[in-house]
Each structure stands twice: as C-alpha cells, then as structure tokens.
Amino acid sequence: MAGSLKQTHDQRHGPPADLSIELAGIELEHPVLNGSGTFDAIAALRAFGPELADRFPFSAFVSKTITVAPRGGNPPPRLWEAPAGLINSIGLPNRGLEGFLTRDLPLLERLPVPLVVSVAGFSHEEFMRLVDESAARDAVAALELNVSCPNVKSGCVMGAEPHETLALLQRLRPLTAKPLIVKLTPNATDVGGVAEAAEAGGADALSLINTLRSVAIDPGSGRPWLGAGSGGLSGPAVRAVALEQVNTVAARTSLPVVGMGGIRSGRDALDFLAAGATVVAVGTESFRDPAAGARIRDELRELRRSTGMGRVQDIAGDARTA
Ligand code: RRO
C-alpha cells in the first residue's frame with residue numbers, strides 16, 4: 001500500500017531532485033554542511049563505526065576551529081538558552097595544531113565526505129603555520145579561515161575590517177592551492193566590504209554568519225551569566241540577520257557562499273539558497289537533533305521536487321535584493 005502511494009506521489013512530482021553541487025571545486029552530494037564546532041564527528045564515528053558512512057548527515061565536514069597552541073577554553077558557564085537561540089562562550093578549546101594532526105586527523109580521515117579544517121591564528125604567522133601544515137595533508141580538502149570567533153579576548157579581529165582581511169589573505173593565498181573559505185563575522189560594520197576584501201585577497205568561498213556578540217544576565221545575581229562575560233548568539237533568533245548578510249555578500253562578490261544562521265528545516269535552507277548561498281550549513285539545530293542535517297537534506301530534496309524546480313544552482317540568487 002505504501003508502495004503504491006509512493007508511486008502516485010512520484011508520478012505527480014517527478015523523480016527525486018538531484019542535489020549534487022560543486023563548492024570551490026569540491027564535488028558535494030548535496031548542499032548541507034555542518035557549521036564549524038557544532039557536530040562532533042569523532043564521537044559519531046565512535047558511536048556508529050563504519051555504519052556512519054551510510055548515515056552521515058553532511059556532504060562535507062567542517063572541523064571545530066583549531067589554533068597553533070592547545071587551549072582549554074573559557075571558564076564555565078559556557079552556554080545560555082536565549083529565546084529561539086543559544087549563546088555560547090566556548091572559547092576555542094582544542095588540542096592545538098600538533099594534537100589535531102596526530103590524534104584527530106587520522107580519525108577524521110575515515111569520514112565518508114570531504115574534510116574542511118577550520119583554523120584561527122592570533123597573528124599572521126600563526127595563521128600561516130596552520131594553513132601550511134594542514135593543507136599539506138592529503139585528507140584535507142579545504143581550509144576555513146575563522147577570522148570571526150567572538151569568544152577570545154585577543155586576536156580573531158582580522159575579519160572585522162576589510163584591510164585586515166585583505167592583508168591576511170595576501171599572506172595565506174600563496175601557501176596552498178587548496179580552497180580557502182573565509183568565515184565572516186556578523187559583528188563588523190561593513191560585512192560586504194570584508195567580503196570584497198576576502199575576494200580581492202584570493203579567497204575561494206565565504207561562509208557566514210558566525211555568532212552575534214551577546215550577553216546573558218544571571219537573574220539571581222544581576223551579573224553576566226557566562227564565565228567569560230559575553231558570548232555569541234546562534235539559532236533561529238539570528239536567521240533574518242543571516243539572510244540579510246548572505247544576500248548582501250552574494251550581491252557584492254562573485255564567490256560561492258556557505259550560508260548559515262538558524263537553519264532548522266528544508267524550507268529555511270531554501271531561503272538561504274534563494275538569498276544567494278551556494279550551499280548551507282546547519283549548526284545549533286544539530287545540538288537538538290544530531291541527525292538534523294540529514295532531515296534538512298531530505299526536506300530540501302522533497303521541496304525541490306514538489307516545487308518542480310531543477311538543480312540547486314538554478315535558484316541561487318532568486319531573492320537577491322542587495
Ligand atoms: O569556540 C568558540 O567559542 C566559538 C568559536 Br571558535 C566561533 O567561531 N564561534 C562561536 O560562536 N564560538
């Protein structure tokens with residue numbers, strides 16, 4: 001019975017939509033990635049083993065940001081639930097470059113999808129070392145330059161001003177032919193200007209948005225809740241802001257855009273594609289449901305089929321207003 005119902009449905013709406021897409025020269029099976037730091041692929045590998053290959057929710061995996069030196073992260077508390085959102089003040093905990101290359105990379109190599117390594121330096125020299133040593137590994141398909149972490153006191157400001165972004169890219173571009181994706185901050189006065197600077201410096205793609213700088217007050221004490229004082233807001237609360245910034249950046253550069261910010265459904269994903277994103281990323285929703293990426297991919301496929309539209313590329317930019 002279910003079979004005949006499905007047949008009727010297929011006849012009405014045509015064959016499953018092809019969601020495959022290319023991002024900066026990397027072939028992806030579908031347009032749903034993870035936002036950096038929002039999905040623990042190593043824990044997933046541990047839980048599912050080789051079976052993960054069939055159920056991995058994303059078409060590429062973006063690692064949690066790494067730094068040159070190991071970091072413990074910010075003092076607790078590190079999370080606060082906001083209306084329709086999450087404030088985090090994680091503070092970039094990671095094993096450092098050496099630890100990542102020797103302990104994490106051999107595990108991440110087993111993933112069934114291309115690997116994007118997210119890196120953040122506190123100086124040009126640190127960024128250069130991170131790019132140089134990560135890009136040299138065959139398992140690394142691309143690098144994401146996190147110039148937008150809201151949760152560290154020093155550094156990570158290189159994405160706030162166009163001239164800083166350009167200067168950084170001019171140092172990094174000669175180091176590798178692999179794609180460089182620049183993760184933009186929404187906490188900049190001129191996000192479009194930073195995007196143009198990244199393009200002028202030779203970036204291959206842009207990803208946005210990172211989290212919006214924010215504060216939560218402890219109702220008991222009237223003082224900031226988060227150990228570090230402030231954090232970054234993500235989730236549906238930021239979606240309209242993210243859509244506007246994706247729209248602006250897509251209009252001002254010719255680079256492919258990884259659009260993210262509060263995507264919870266295939267419908268949300270379609271909105272980002274229509275605003276000019278080439279692919280999308282799911283972040284906060286994966287904390288609620290680690291399989292959200294696969295559900296959103298399936299919803300997107302169904303929407304593409306039921307609306308009669310063709311490949312994902314065909315609608316990119318439909319909603320551009322900037
Ligand atoms: O680790 C963090 O606190 C963090 C990072 Br690196 C980032 O890029 N964005 C964010 O919201 N948190």
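Q: In the open sheet of eight strands, what is the strand order?
A: In this predicted model, the sheet is open and its eight strands pair in the parallel sense. Strand 3 (32-34) and strand 4 (61-62) are the edge strands, each pairing on one side only. Read across the sheet, the order is 3-14-13-10-9-8-7-4.

Q: Which residue of strand 8 is the bridge partner of V117?
A: Strand 7 (residues 115-119) and strand 8 (residues 140-146) run parallel and are joined by five bridges. Within this pairing, the partner of V117 in strand 8 is L143.

Q: Which residue of strand 10 does I181 stand opposite?
A: Strand 9 is joined to strand 8 by four bridges, the two running parallel, and E144 stands opposite I181 in strand 9. Strand 9 also pairs with strand 10 (residues 205-208) in the parallel sense, over three bridges. In strand 10, I181 stands opposite A205.

Q: Are L180, I181, V182 and K183 of strand 9 buried or exposed?
A: L180 and V182 lie on one side of strand 9, while I181 and K183 lie on the other. Both faces of the strand are covered. The state of these four residues is buried.

Q: At about what angle does helix 5 run to strand 8?
A: Helix 5 (residues 124-135) lies across strand 7, strand 8 and strand 9 (180-183). Its direction relative to strand 8 is at about 165°.

Q: How are helix 5 and helix 6 oriented to each other?
A: The axes of helix 5 and helix 6 (residues 162-172) come within 10 Å and cross at roughly 40°. The crossing is right-handed. An angle of this kind falls outside the parallel, antiparallel and perpendicular ranges, and the two helices are therefore oblique.

Q: How many nonpolar residues does the contact of helix 5 with helix 6 have?
A: On the helix 5 side, H124, E125, F127, M128 and V131 take part, meeting A167, L168, R171 and L172 of helix 6. By class, one residue of the contact is polar, two are charged, and the nonpolar ones number six.

Q: How many polar residues are in the contact of helix 7 with helix 8?
A: The axes of helix 7 (residues 191-200) and helix 8 (residues 239-252) come within 9 Å and cross at roughly 40°, in a right-handed crossing. V191, G192, G193, A195, E196 and E199 of helix 7 make the contact with Q245, T248, V249 and R252 of helix 8. Three of the contact residues are nonpolar and three are charged, while the polar residues number four.

Notes
Residues numbered from 1 in each chain as written. Predicted model: local features only at pLDDT ≥ 70, side-chain atom pairs only at ≥ 80, totals over all residues. Heavy atoms only, no water. Pairing = 2+ DSSP bridges. Contact = heavy atoms within 4.5 Å. Axes fitted to C-alpha atoms, helices over the stretch in contact; angles between N-to-C directions. Parallel < 35°, antiparallel > 145°, perpendicular 65-115°, else oblique. Left-handed = near helix turned anticlockwise from the far one by under 90°. Nonpolar A, V, L, I, M, F, W, Y, C, P; charged D, E, K, R; others polar. Buried < 20%, exposed > 50% of the residue type's maximum accessible area, 1.4 Å probe, protein only.
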